[in-house]
Amino acid sequence: MTENNNALRGSLDILWYAIVFLLLQLGFGAIFHFVKLQPVTSTIAITSLSSLATLLVFLKCKWARVSNTWLQTRPWAVIVWAVLLAVGSMIPSEQLVEWMHFEMPEEMTKMMEGVMKKPLGYVVIGILAPLAEEVVFRGAILRKLLAMMPTGRHWVAIAISALIFGIVHFNLPQGIHAFLIGLLLGWMYYRTRSIIPGIVFHWINNTISYIMVNLMPQCADGKLVDLFNGNERMVIYAVLFSMLIFLPSIFQLNIRMRKAKDTTAE
């Protein structure tokens, strides 16, 4: 009976975390609905304020626990390989979404392009979003899921947290990409019990997207084939080259995060 009560309480906590995350976004969206701003400016303001509010609420309420315990182990190699993992995972993930023939709504594509072309857009996309989302989906939701799952079922917890992460993006292309990287982010959190590798990965992922949109406007619609001027063979080469970064990164992280976990308190 006690185990069932704990499972129910944990499930309700997870549901509450997701609801609070969404309510903060919707709340600021409702406020700015009555403020006469350009759509892109309004989106930047809403996302910035909701991200800051999310960090404040989740840390103040101690739903996510943040400490420097893991950093004290000096895991610099793990951080470097997390960066390389982010670089190596982007093109294969995006290509997988394209093979499924899912496309973002045109209106959303234009909005994201507009946000990314603003200097403050990088603050939102590259910094605040990774911080807020890692605190919520790994620091709070996955932490609670791992505590609920029996030994050996950690991948169930990781998959559920990644699924929730994908769902809250509210569109299939972004949702699938978020689910896939959510599996990697969840794995890194499970092995290190720290959100820092995830923040680094998330930051690199979003920063590359921001740079690509600004340096190569033809990539704004997210299609890889446009990056290579319609040359589909080059897309395949890019995927293969990315795997040469991705697979060694997974291998190295698997070794090095095991060592980090051995020396880091849960």
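**Exercise 1.** Which residue follows α7, and what is the sign of its phi?

*Solution.* The residue after α7 is Arg193, and its phi is positive, near 55 degrees. The model is predicted: local features need pLDDT of at least 70, side-chain atom pairs count only at pLDDT 80 or more, and totals for chains, interfaces and linings use all residues. Residues are numbered from 1 along each chain as its sequence is written, and side-chain values use heavy atoms, without hydrogens and water.

**Exercise 2.** Classify the ring pair of Phe58 and Trp63.

*Solution.* Step 1: apply the criterion. Rings of Phe, Tyr and Trp (its six-membered ring) pair if their centres lie within 6.5 Å; planes under 30 degrees apart are stacked, over 60 edge-to-face, and the rest tilted.
Step 2: take the values. The centres of Phe58 and Trp63 are 5.0 Å apart and the planes stand at 85 degrees, so this pair is edge-to-face.
Step 3: widen the view. Ring pairs join Tyr17, Phe58 and Trp63 into a cluster, and the structure holds 6 aromatic pairs.

**Exercise 3.** Decide whether His202 is buried or exposed, and list what His202 touches.

*Solution.* Step 1: the relative accessible area of His202 is 3%, so His202 is buried (buried is under 20%, exposed over 50%, partly exposed in between; 1.4 Å probe, protein chains only).
Step 2: contact means heavy atoms within 4.5 Å. Not counting residues up to four places away in sequence, His202 touches Pro130, Glu133, Glu134, Phe165 and Leu185.

Terms used
Helix = DSSP H or I, 4+ residues; strand = E, 2+ residues; numbered from the N terminus.
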